Amino acid sequence: MILIQILLLAIGFLMLVKGADWFVDGCSGIAGKLGIPQLVVGLTIVAMGTSTPEAAVSINASIKGNAGIAIGNIVGSNILNILIILGISAIIATMVIQRTTFCYEIPYMILITIVLIVLGMTGGYVTRIEGVILWILFLAYLVYLFFLAKKGAEERDTEKRPVWKLMLFMIMGGVLVVWGSDVTVDSATEIAHMIGLSERFIGLTIVALGTSLPELVTSVVAAKRGNADIAIGNIVGSNIFNILFVIGTTSIIAPVIYEADFLFDGVIAVFAGVLLWISVAKTKTLRKQWGIIMLLCYSGYLGYLLMQ
């Protein structure tokens with residue numbers, strides 16, 4: 001029985017990755033036709049596209065009453081995005097970071113992570129009203145990105161595919177992500193119950209890793225190609241989108257339980273953001289040695305979770 005659930009979990013992850021790949025491909029193609037700057041594409045289209053698995057899984061989990069997976073998935077994904085994905089990307093290639101990302105986007109990511117901790121720890125829930133607060137912060141972020149895009153408009157991309165085909169990729173990818181999220185949540189919850197693991201552990205590790213696979217693939221490929229704006233922008237944008245849109249939307253649908261244990265995980269998420277900011281502060285580049293430090297930090301965090 002457990003082997004069937006593991007197989008379903010693997011199938012769910014495959015659907016999430018392929019669906020997100022099609023979704024990002026379609027979105028990026030349309031963005032290219034509109035002449036949107038690379039940095040903005042990384043912070044918005046690619047970031048939101050690769051975050052669709054987290055969104056689908058967390059919203060699905062909330063509807064089904066599995067709040068441990070909903071919060072754990074987001075917090076776990078945000079930690080993993082920085083410490084594992086940027087860690088690996090930095091080892092592959094040194095990445096230059098944009099001034100706006102250093103000055104505004106990373107500090108904003110750290111700030112909203114602290115806001116989530118405060119909202120969650122006051123009452124033990126992220127309520128519907130607090131979900132609205134997160135959505136207001138999300139809209140403020142979108143306004144910032146609008147002015148960023150307007151300021152750095154580029155020439156239109158040489159995208160050859162017609163708009164209808166790009167739209168088809170977006171729709172098919174979105175459907176696959178939603179379907180895959182349903183399979184992933186159900187199988188992960190079953191496995192957790194079968195082997196006696198908490199939903200918090202499953203959400204923070206297995207589901208977080210599975211839903212972060214699109215970010216991993218996108219960022220590593222971008223790092224290898226020298227597109228640092230997309231690599232770092234994708235991760236920072238994804239983390240912002242995860243907290244403000246995903247948790248905001250999830251808690252508006254149904255108040256989300258914020259277990260006391262999530263305080264430690266939230267602090268680790270803040271630490272990961274501060275570590276990223278410190279690592280690029282002096283040289284405005286993310287170098288190999290910092291990538292190694294990030295991977296070691298995640299190893300320590302994973303060891304802590306296993307001992308719980």
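**Close-up views of a helical model**

**View 1. Helix H5 meets helix H10.** In this predicted model, H5 brings Phe102, Ile106, Pro107, Met109, Ile110, Thr113, Ile114, Ile117 and Met121 into contact with Leu263, Gly266, Val267, Ala269, Val270, Gly273, Val274, Leu276, Trp277, Val280 and Ala281 of H10. Sorted by class, the residues where H5 touches H10 are 17 nonpolar, three polar and no charged. The two helix axes lie 10 Å apart, and the packing angle is about 170 degrees. H5 and H10 are therefore roughly antiparallel to each other.

**View 2. The largest cavity, with H4, H5 and H10 in its lining.** How many cavities of 30 Å³ or more does a search of the whole structure find? The search finds three. The largest cavity has a volume of about 50 Å³. Its lining is made up of Asn78, Ile79, Ile82, Met109, Ile110, Thr113, Asn239, Ala269, Val270 and Gly273. Helix H4 (67-92), helix H5 (99-121) and H10 are the elements that give two or more residues to this lining. By class, the lining of the largest cavity has six nonpolar, four polar and no charged residues. Some names may look familiar from View 1: Met109, Ile110 and Thr113 of H5 are part of the contact with H10, and they also line the largest cavity.

**View 3. The second largest cavity.** Here the space comes to about 40 Å³. Look for Val75, Asn78, Thr113, Leu116, Ile117, Ile243, Gly266 and Ala269 around the second largest cavity. Which element supplies the largest share of this lining? That is H5, with three residues. H4, H5 and H10 each supply at least two residues. The lining of the second largest cavity divides into five nonpolar, three polar and no charged residues. Asn78, Thr113 and Ala269 appear in this lining, and they belong to the lining of the largest cavity as well.

**View 4. Helix H10 beside helix H11.** The axes of H10 (residues 262-281) and H11 (residues 288-307) come within 11 Å and cross at roughly 175 degrees. That crossing angle makes H10 roughly antiparallel to H11. From H10, the contact uses Phe264, Asp265, Ile268, Phe271, Leu275, Leu276, Ile278 and Ser279. Their partners in H11 are Trp290, Ile293, Met294, Cys297, Tyr301, Tyr304 and Leu305. By class, the contact of H10 with H11 has 13 nonpolar, one polar and one charged residues. Leu276 is worth finding in this view: this H10 residue takes part in the contact with H11, and it is also listed in the contact with H5.

**View 5. The second largest pocket.** This pocket holds about 190 Å³ of space. Helix H3 (52-63), helix H7 (163-195) and helix H9 (228-253) are the elements that give two or more residues to its lining. H3 gives the most, with six residues. The residues to pick out are Thr52, Ala55, Ala56, Ile59, Asn60, Ile63, Gly174, Val177, Val178, Ser181, Phe241 and Phe245. Are charged residues present or absent in this lining? They are absent: the lining of the second largest pocket has eight nonpolar, four polar and no charged residues.

**View 6. Helix H7 from end to end.** H7 has 33 residues. From its first C-alpha to its last, H7 reaches 47 Å, close to the 48 Å expected at 1.5 Å a residue. Gly174, Val177, Val178 and Ser181 are among the residues that line the second largest pocket of View 5. Just after H7 comes Gly196, which takes a positive phi of about 80 degrees.

Definitions and conventions. Residues are numbered from 1 along each chain as its sequence is written. This is a predicted model: local features need pLDDT of at least 70, side-chain atom pairs count only at pLDDT 80 or more; totals for chains, interfaces and linings use all residues. Side-chain values use heavy atoms; hydrogens and water are left out. On a 1 Å grid over the protein atoms alone, a cavity is a set of points where a 1.4 Å probe fits but cannot get out, and a pocket is an open set with protein on both sides within 12 Å along at least five of seven lines; lining residues have an atom within 4 Å of a point. Grid points are joined across faces, edges and corners, and a volume is the space filled by probe spheres set on the points. Helices (H or I, at least four residues) and strands (E, at least two) are DSSP runs, numbered from the N terminus. Ala, Val, Leu, Ile, Met, Phe, Trp, Tyr, Cys and Pro count as nonpolar, Asp, Glu, Lys and Arg as charged, and the others, Gly among them, as polar. Axes are lines fitted to C-alpha atoms, for helices over the stretch in contact, and angles run from 0 to 180 degrees between N-to-C directions. Angles under 35 degrees count as roughly parallel, over 145 as roughly antiparallel, 65 to 115 as roughly perpendicular and the rest as oblique. Contact means heavy atoms within 4.5 Å. The expected span of a helix is 1.5 Å times one less than its number of residues.
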